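Open your viewer and get your selection tool ready. We will go from stop to stop, and at each one you will hear what to select and what is there.

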Amino acid sequence: MSNTGGRRKPPTIHDVAREAGVSRGTVSRVLNGGHYVSPAATEAVNAAIRRTGYVVNRHARSLITGRSDSVGFLLTEPQERFFEDPNFNVLLRGCTQALAAHDIPLLLMLAGTDDERRRITRYITAGHVDGVLLVSSHSGDPVAEELRAAGVPLVACGKPIGLGSKVSYVAADDRDGARDMVRHLLSLGRRRIGVVTGPLDTPGGVERLAGYKEVLLEAGVEIDERLVVPGDYSRASGEAGAERLLAQAPDVDAVFVASDLMAQGVLTALHRAGRRVPEDVAVGGFDDSPAAVAASPELTTIRQPWDRISAEMVRVLLAQIGGEDTAAVILPTELVKRGST
């Protein structure tokens with residue numbers, strides 16, 4: 001069938017009102033939260049929306065409400081880290097799905113340099129998004145403080161260092177997870193337990209190292225600083241960290257690695273040095289990311305509840321957009337035993 005009238009006009013709010021047998025104002029109230037609308041009228045409007053195929057004109061609604069009806073997912077890391085580290089993709093997918101239930105799109109923003117951070121901060125504070133899910137906030141990174149000072153609703157993944165209760169955050173219990181892993185390694189009879197830390201300007205890096213040290217001290221095992229080497233959550237830093245451990249403490253018999261991706265690098269270095277895993281050196285990771293099961297052998301690790309983390313980040317952010325105060329949520333981790341220990 002030819003379309004002689006040109007492109008078909010999309011359905012309007014007036015079409016929905018006519019189809020539902022209600023006023024345009026009732027349709028508008030349903031679209032903006034359903035306040036003061038009876039359940040029967042709400043169902044009639046929703047059924048009419050489905051039949052007509054009506055789609056909200058977000059631009060027009062934003063002129064009325066002052067909101068963009070979108071949320072930013074801001075990763076303050078270099079772009080290559082987004083593609084290398086599977087945790088970011090898992091978290092992004094979970095947040096996207098949680099927001100989809102509210103019909104809110106998620107905008108991915110990557111800001112790995114000072115210039116990028118300045119541009120993105122200007123964009124956000126200009127009102128182009130209603131709130132921000134902030135991922136990987138290093139100490140000294142001004143983004144969280146600038147957004148908070150501008151009154152932008154904000155929820156961080158992990159507790160931002162130095163901001164205390166000023167910013168909402170959702171985090172796994174990094175310290176307790178590290179404690180569980182080190183206790184597990186001790187239970188295997190290992191005593192020369194090394195650690196490849198996360199970045200020590202991030203909450204996860206600080207807390208996981210603290211948990212490692214606490215359990216060793218509780219067990220009466222002296223902290224040997226030759227067994228503590230830095231990493232930055234990248235695979236390359238795990239490989240370099242393991243090489244440094246082997247050079248500084250060749251009698252190392254276990255390694256707690258602060259991320260699964262780094263642990264893959266540790267396994268590569270140990271294999272190259274002729275060390276068997278787990279017979280000679282047991283290896284434990286952190287995250288239970290796809291990198292854990294892609295490793296050989298598969299990694300014993302600490303599972304972060306990514307689905308719950310992303311759902312809670314979205315819940316807390318939407319509550320904050322709605323006027324609620326800041327909130328902090330800490331979720332438990334779980335030890336997952338596999339072939340590397």
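## First stop: a buried valine

Select V228, which counts as buried at 14% relative accessibility. The model you are looking at is predicted, so keep that in mind along the way. V228 belongs to strand β7, made of residues 228-229.

Now show what surrounds this valine. Setting aside neighbours within four places in sequence, V228 is in contact with V195, T197, L209, Y212 and L245. For a sense of distance, add D174 to your selection: V228 and D174 are 54 residues apart in sequence, and their C-alpha atoms are 17 Å apart in space.

## Zoom out: the whole chain

Next, clear the selection and look at the full chain. How many helices and strands are there in the protein chain? There are 14 helices and 12 strands. Along the principal axes, the C-alpha atoms fill a box of roughly 80 × 50 × 35 Å.

Of the 341 residues in the chain, 52% are buried. Consider also how the chain meets itself: among contacts with a separation of 6 or more, 71% are between residues 24 or more positions apart.

Try colouring by domain. The domain assignment gives domain 1 as 13-56, domain 2 as 71-172 + 306-333, and domain 3 as 174-303. Notice that domain 2 is written as two stretches of sequence. The centres of domain 1 and domain 2, taken over C-alpha atoms, are separated by 33 Å.

## Two helices that cross

Select residues 13-20, helix α1, together with residues 24-31, helix α2. At what angle do these two helices pack? The angle is about 105°, and the axes are 8 Å apart. That angle is why α1 counts as roughly perpendicular to α2.

Show the side chains where they meet. From α1, the contact is made by I13, H14, V16 and A17, while α2 brings R24, V27, S28 and L31. Sorted by kind, the residues of this contact are 5 nonpolar, 2 polar and 1 charged.

## A threonine in helix α3

Move on to T52, which lies in helix α3, residues 39-52. Is T52 buried or exposed? T52 is buried, with a relative accessible area of 17%.

Look for its partners from elsewhere in the sequence. Not counting residues up to four places away, T52 touches P11, D15, V16 and E19. You have already met V16, one of the α1 residues in the contact with α2.

Then zoom in on the side chain of T52. This side chain reaches the backbone oxygen of A48 at 2.8 Å, and it also reaches the backbone oxygen of I49 at 3.4 Å. Before leaving, select P10 as well: T52 and P10 are 42 residues apart in sequence, yet 9.0 Å apart in space from C-alpha to C-alpha.

## A serine in helix α14

Jump ahead to S310, found in helix α14, residues 306-321. With a relative accessible area of 2%, S310 is buried. Leaving aside neighbours within four places in sequence, S310 is in contact with L91, G94 and C95.

## Unusual backbone spots

For the last stops, display the backbone atoms. Most residues other than glycine have a negative phi, and most peptide bonds are trans. Here are some exceptions to look at.

Select V277 and P278, which are joined by a cis peptide bond with omega about 10°. P278 sits in the loop between α12 (260-272) and β9 (282-284).

Follow the chain to the loop between β9 and α13, where D287 lies. Its phi is near 130°, a positive value in a residue other than glycine. At 3% relative accessibility, D287 counts as buried.

D288 is in the loop between β9 and α13 too. D288 is not a glycine, but it has a positive phi of about 55°. At 17% relative accessibility, D288 counts as buried.

Finish with S296 and P297. Which form does the peptide bond from S296 to P297 take? That bond is cis, with omega near -5°. You will find P297 in the loop between α13 (290-294) and β10 (301-303).

Definitions and conventions
Residues numbered from 1 in each chain as written. Predicted model: local features only at pLDDT ≥ 70, side-chain atom pairs only at ≥ 80, totals over all residues. Heavy atoms only, no water. Domains from an automatic or database assignment. Axes fitted to C-alpha atoms, helices over the stretch in contact; angles between N-to-C directions. Helix = DSSP H or I, 4+ residues; strand = E, 2+ residues; numbered from the N terminus. Parallel < 35°, antiparallel > 145°, perpendicular 65-115°, else oblique. Contact = heavy atoms within 4.5 Å. Nonpolar A, V, L, I, M, F, W, Y, C, P; charged D, E, K, R; others polar. Buried < 20%, exposed > 50% of the residue type's maximum accessible area, 1.4 Å probe, protein only. Polar contact = N/O pair within 3.5 Å; in protein donor to acceptor, adjacent residues only side chain to side chain.
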